[in-house]
Structures are given as structure tokens and as C-alpha cells.
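Reader: Please take a close look at the enclosed space inside this protein, and then follow the chain outward from its lining to the charged pairs and the surface. I would like one connected account.

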Amino acid sequence: MLKNYLFVAFRSLRRRKGYAGLNVFGLAVGLACFFLLGLYVRDELAFVRFHADVEQVYAGATVCERSGETYYSMVLAPPVTGLMAEHVPEVAATVREYAARVQVRVADDRFDDQRRRYVEPGFFEVFDFPRVAGDLTTALDAPNQAVLSEQAAQRYFGLADPIGQTVSIDVTPDLFGGTSEPRDLTVVAVVEVPRTSSITFDLLVSVATPGGVLTDPDIWTIHLSGGAFVRLQPGVTQAQLSAALDRFATDVYNERANRTVNFHAIPLTDFYFSDFYRSDGLRGDARYLALFGGIALLVLLIAVVNYTNLATAQAADRTREVGVRKAIGAGRGQLAGQFLGEALLVSAAAFVLAVVLVTAALPGFNALF
């Protein structure tokens, strides 16, 4: 019976090619826009979700009051994470990272556009980047060690095994200037850096490497821009962490740093959408999600209303056809089946065309966003 309904519907649509084509194309364009914007929203919400137990990872910031307004800053003194690990039992692991402005050399090749970071040994205890090669449990524990992203390893060494290979960097012993010195690093691990990571890098350098200012645990006069991140003990809530950080600031940090600050914990799942996230491209913004999600639903609604209006406009022309079919014995259910069959064919054709349009538009859409 369904096959017969679809066959009759197909013949009816074939007789009205203009109506069918307009309906299919209009609905396909609406669906394509809906799919593209839906993919954008889904992609944004997927950021950092590849980390295991990502809800237990937080970024640390200080809260400052100035002229009656509240400011948040991730500029912290280097010893902060070590003291957190010692004095905040709610924290299971801590890590501090900051940009390393060094030039990378492999043999005679120079790589100036790479993303480099100095990081503490607890980096892979806090973050769960997929391992490609090497041992992450001891990576970055010793001086002159490096971890590469999978893309950087292929760029530096091609198909050769990167583990044990040497990468050279130029470091400046004095943070505020001075003569650069070459430093050879041994590659101890390679990890995959998913595109949905809010922390991106090509090269990680252990902070114990000479030339990194974090090697001095008592530097309180220098506050470095970067990130301090913690992974909580199982079962610890954000409220418990905030209370622990308040005690830490009052009892430890303010006395050591000789300044008064309060700490603010940002869930890593919210970090991408916060003002702290820095990107060369379009930065994550929760308002964009609401805006584009609303536009997607509106476009889909317009496409559906347009389809309904076109179908309604055809009703007067099809009255005679309905009358003839009733006269020869067609029942209400059979007539409904015919019209539903036409709607099903139009929707299926529009869906297929929408997938084709999305496939064609996706490369340009990805480049734009």
C-alpha cells in the first residue's frame, strides 16, 4: 500500500515540476542552513570534552577590585601551583604553563611559527591528551625534555621515530633581555592535540630547563601571564574548591606574595567561552551559540512555513482531483496517504539535496569560522 501511495505521489509531483522543484529547493536550503549552524554549535560545545573527567579540571585566576569594578586575571606568580598542591588538599594535581618565546631549530631547519610552552611536570596529570608515543608519566620531569604534538613531530622529522631525537631552542637567561643561548632538548613523548582543545601547542618544554624563570620557586616579584590549572580530587565540588582557595589566599598566598588577592576557579568546560581564552581565530562565546542556534531554528521554521504555504496554494487546484478520486471510491485514509506520500518524497529529496549543499559548503564554512 505504501509503495502505491509513493508511486501515485511521484506521478503527481512529476506533473507539477515547477511546484515540486520550488518546494524541494526551498526546503533543502533551509535544512542546509540548519545543518551548518547546528554543526557549528555542536562543535563549539565539544571543546575540551576529550579530557577524561573534564568536569574536575579548573583554571585559576585572581580577582581584583578597582574603581568599584571587578577584574579577573590569570597573571600569577610562578610558585602558586606548587603551594596549591601543598596546602589545598582538595586538589589532586596542579600545573602551570606559559608561552615560551623561543626559536625552534631541527638540524639546519628553523621553525619560527610554532606554538611553544613552558610547562610543569604535572601537565599530563591535569590534562588528558591522547598519547601517540613515549611515556607521559615521566615526561617533562627532568631538564631539557620536550613533548611534541603529532603534527609538529611529522613536520620536524617526517616518518622517522621522533622519540630520542633532538630539538634545539634559543633561550634567554634573563627574562627581560640578554643574549640568547642554544639549548638542546630531547623529545620524550608525542601527543595528539585535538582541534577542540582550548590549550594548543606544538612544543612543550619542561620548566626545569635552564632559562625558564619557573625554575626558581621563590620568585614572587614577577607575575607571568599564562595559566594555572588544577584537577580536583574525586567528589570535590566547585563550591568546596572556592572555599579552599579562599583559605589558601588568606593563609598562604597573600603572605608570601606580599599582596592581597582572592582566587577564582573557572571550570575548564567554561574556559573556552570566558574572557581568558585567547585565539588567533574566532573565540568561543556563549552568545554566539544562542545567536546561531536561534538563527538555525528560525531558518528551519521559515522553510517549513514556506513549504506549507506552497502546499496550501495548491489546494484549490487539487479540489477537482480530490472530487474525482472520491467519486470512484477513494476513502479519507487513501487521500491522506497520497498527500502524505507527496510530502514524504519532497522531504526526502530536500534532505538529500541539503546534504549535498552542506558537503559543498563545509570547506568554506570551516575556513570562515
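Author: What follows starts at the cavity and works outward through the salt bridges, the unusual backbone angles and a surface patch. The model is a predicted one.

Rolling a probe the size of a water molecule over the atoms shows where empty space is left. A search of the whole structure turns up one cavity of 30 Å³ or more. The space in this largest cavity comes to about 60 Å³. Its lining is made up of Tyr58, Ala59, Gly60, Met84, Val91, Ala228, Val230, Leu241, Leu245 and Ala265. Two or more of the lining residues come from each of β1 (57–66), β14 (227–232) and α6 (238–257). Strand β1 provides the largest share, with three residues. Sorted by class, the lining holds nine nonpolar residues, one polar residue and no charged residues.

Helix α6 also takes part in a salt bridge. The side chain of Arg247 meets that of Glu90, with 3.3 Å from N to O. Arg247 belongs to helix α6, while Glu90 sits in the loop between α3 (80–87) and β4 (91–99), so the bridge links distant parts of the chain, 157 residues apart. The two partners differ in burial class: Glu90 counts as buried because its relative accessible area of 17% is under the 20% limit, whereas Arg247, at 44%, counts as partly exposed.

Past α6, in the loop between this helix and β15 (262–267), lies Arg259. With a relative accessible area of 31%, Arg259 is partly exposed. Between the C-alpha atoms of Arg259 and Ala249, which are 10 residues apart along the chain, the separation is 9.9 Å.

Side chains of opposite charge can pair when their charged atoms come close. The whole structure has six salt bridges by the search. One of the pairs is Arg117 with Glu97, at 2.5 Å from N to O. Arg117 is in strand β7 (residues 116–119) and Glu97 in strand β4, so this pair ties together parts that are 20 residues apart in sequence. Both Arg117 and Glu97 are buried. A further pair joins Glu55 to Arg49, whose closest N and O atoms are 3.5 Å apart. Glu55 is partly exposed at 48% relative accessible area, and Arg49 is likewise partly exposed, at 46%. Salt bridges also link Arg115, Arg155 and Asp202 in a network.

The backbone has some features to note as well. Most residues other than glycine have a negative phi, and most peptide bonds are trans. Val48, in the loop between α2 (17–45) and β1, has a positive phi, near 60 degrees. Val48 is also buried, with 1% relative accessibility. Leu140 has a positive phi too, near 70 degrees. Leu140 is placed in the loop between β8 (131–134) and β9 (145–149), and its relative accessible area of 1% makes it buried.

At the surface, Leu298, Leu301, Ile302 and Val305 make a nonpolar patch of about 370 Å². Of these residues, Leu301 lies in helix α8 (residues 286–313).

Notes:
Residues are numbered from 1 along each chain as its sequence is written. This is a predicted model: local features need pLDDT of at least 70, side-chain atom pairs count only at pLDDT 80 or more; totals for chains, interfaces and linings use all residues. Side-chain values use heavy atoms; hydrogens and water are left out. On a 1 Å grid over the protein atoms alone, a cavity is a set of points where a 1.4 Å probe fits but cannot get out, and a pocket is an open set with protein on both sides within 12 Å along at least five of seven lines; lining residues have an atom within 4 Å of a point. Grid points are joined across faces, edges and corners, and a volume is the space filled by probe spheres set on the points. Helices (H or I, at least four residues) and strands (E, at least two) are DSSP runs, numbered from the N terminus. Ala, Val, Leu, Ile, Met, Phe, Trp, Tyr, Cys and Pro count as nonpolar, Asp, Glu, Lys and Arg as charged, and the others, Gly among them, as polar. Patches are made of residues with over 30% relative accessible area and no salt bridge: like charges are joined within 9 Å, nonpolar side chains (Val, Leu, Ile, Met, Phe, Trp, Tyr) within 5 Å. Accessible areas come from the Shrake-Rupley method with a 1.4 Å probe; for residues, only the protein chains shown count as cover. A salt bridge is a side-chain nitrogen of Lys or Arg within 4 Å of a carboxyl oxygen of Asp or Glu. Buried means under 20% relative accessible area, exposed over 50%, partly exposed in between (1.4 Å probe, protein chains only).
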